[in-house]
Protein chains: 2
Amino acid sequence: MREATDLHASLCQAIADPTRISILYALNEKPCRVNELVTQLQSPQATISRHLKILREQAIVETHREGSFVTYSLGYQRIIQALDIMRSIKLDIVRKEHDLIHE
Amino acid sequence: MREATDLHASLCQAIADPTRISILYALNEKPCRVNELVTQLQSPQATISRHLKILREQAIVETHREGSFVTYSLGYQRIIQALDIMRSIKLDIVRKEHDLIHE
DNA sequence: CTCGTATATGTGAATAAACGAATATGCGAA
DNA sequence: TTCGCATATTCGTTTATTCACATATACGAG
């Protein structure tokens with residue numbers, strides 16, 4: 001099952017970046033144009049576009065063109081569930097470390 | 001929230017590798033010694049140890065020493081839930097691509 | 001202590017990811 | 001067509017990641 005696991009990992013890899021995580025959470029609030037993401041995340045437009053491309057290639061996000069605007073939206077809402085689980089785990093870990101230090 | 005997102009991403013990064021995904025699923029079946037993982041995943045011992053170190057640093061796995069043996073186990077079972085969600089998403093994506101080609 | 005097994009790590013090479021800056025494309029308006 | 005805005009891509013560089021190989025450490029047996 002090496003092959004399936006590689007595919008699995010490629011999806012995980014695609015969400016393993018702080019900018020892309022922020023994009024996904026923003027899109028979870030509502031579909032956004034590239035511009036909105038740029039101002040919301042305060043990153044250069046080229047950076048946002050590059051990260052969007054990676055998400056597009058993994059088919060995690062969908063695009064919809066209207067004139068010169070491109071609106072991005074989540075292709076699979078449950079990617080947010082996965083991210084939320086990870087975030088809660090990380091929170092537990094950080095809390096545990098904190099408790100150990102202040103015990 | 002840049003900082004929190006970075007932590008979030010570091011956890012995602014830790015599971016974004018095929019070998020580490022295989023290790024996590026193996027540990028989900030039962031706690032394993034390094035040796036068992038080596039034979040089960042058919043990777044060099046140094047490789048396995050390296051990946052275990054990454055998982056350890058992120059506190060995703062726990063270790064228990066008995067003599068010269070070290071048994072690894074999952075620190076947070078719900079990491080598997082997150083992985084399962086991603087796997088199901090990837091499956092959907094692959095199926096959709098397949099359907100498009102053979103339509 | 002010495003030996004053998006189990007596990008961990010250092011090092012260097014190969015590969016991949018990320019970024020900034022510049023440039024290119026796509027599209028509507030005039 | 002030309003201009004200007006929205007978005008995408010290329011290039012060169014820097015930084016991370018991964019691996020194989022060798023070596024190091026930790027521990028129990030004897």
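**Entry 1: surroundings of DNA strand D**

I began with DNA strand D in this predicted model and found that 22 residues surround the strand, the closest being N35(A), Q45(A), S49(A), Y72(A) and H51(B). I then looked at which part of the strand faces the protein: of the atoms of DNA strand D within 4 Å of the protein, 69% belong to sugar or phosphate, and the rest belong to bases. Sorting the surface near DNA strand D by class, I noted 8 nonpolar, 7 polar and 7 charged residues.

**Entry 2: phosphate oxygens of DNA strand D**

I next went through individual atom pairs. From chain A, I noted V70(A), where a backbone N or O atom lies 3.3 Å from a phosphate oxygen of DNA strand D. From chain B, I noted H51(B), with a polar side-chain atom 2.7 Å from a phosphate oxygen of the strand, and D17(B), with a polar side-chain atom 3.4 Å from a phosphate oxygen of the strand. Asking which elements give two or more residues to the surface near DNA strand D, I listed helix 3 (34-41), helix 4 (45-57) and strand 3 (69-74) of chain A, together with helix 4 (45-57) of chain B.

**Entry 3: relation of the two copies**

I superposed chain B on chain A and obtained a rotation of 180° with 0.0 Å of shift along its axis, at an RMSD of 0.0 Å. The two copies are therefore related as by a two-fold rotation axis. In chain B, the C-alpha nearest this axis is that of A82(B), which lies 2.3 Å from the axis. I also checked whether the copies use the same surface, and they do, since 100% of the contact residues of chain B recur in chain A.

**Entry 4: interface of chain B and chain A**

I counted 37 residues of chain B in contact with 37 residues of chain A. The area buried between the two chains is about 3,400 Å², and carbon and sulfur atoms give 68% of that area. Between chain B and chain A I recorded 2 salt bridges; one of them joins R78(B) to D92(A), with the closest N and O atoms 2.8 Å apart. Across this interface I also recorded 9 residue pairs in polar contact, both residues of each pair at pLDDT 80 or more.

On the side of chain B that touches chain A, the elements giving two or more residues are helix 1 (2-14), helix 2 (18-29) and helix 5 (78-101) of chain B. Helix 5 of chain B gives the most to this side, with 15 residues. By class, I divided the residues of this side into 19 nonpolar, 9 polar and 9 charged.

Conventions. Residues numbered from 1 in each chain as written. Chains lettered and ligands numbered in written order. Predicted model: local features only at pLDDT ≥ 70, side-chain atom pairs only at ≥ 80, totals over all residues. Heavy atoms only, no water. Near = heavy atom within 4 Å. Polar contact = N/O pair within 3.5 Å; in protein donor to acceptor, adjacent residues only side chain to side chain. Helix = DSSP H or I, 4+ residues; strand = E, 2+ residues; numbered from the N terminus. Nonpolar A, V, L, I, M, F, W, Y, C, P; charged D, E, K, R; others polar. Least-squares fit on C-alpha atoms with pLDDT ≥ 70 in both. Contact = heavy atoms within 4.5 Å. Buried area = accessible area lost by both parts, 1.4 Å probe. Salt bridge = Lys/Arg side-chain N within 4 Å of Asp/Glu carboxyl O.
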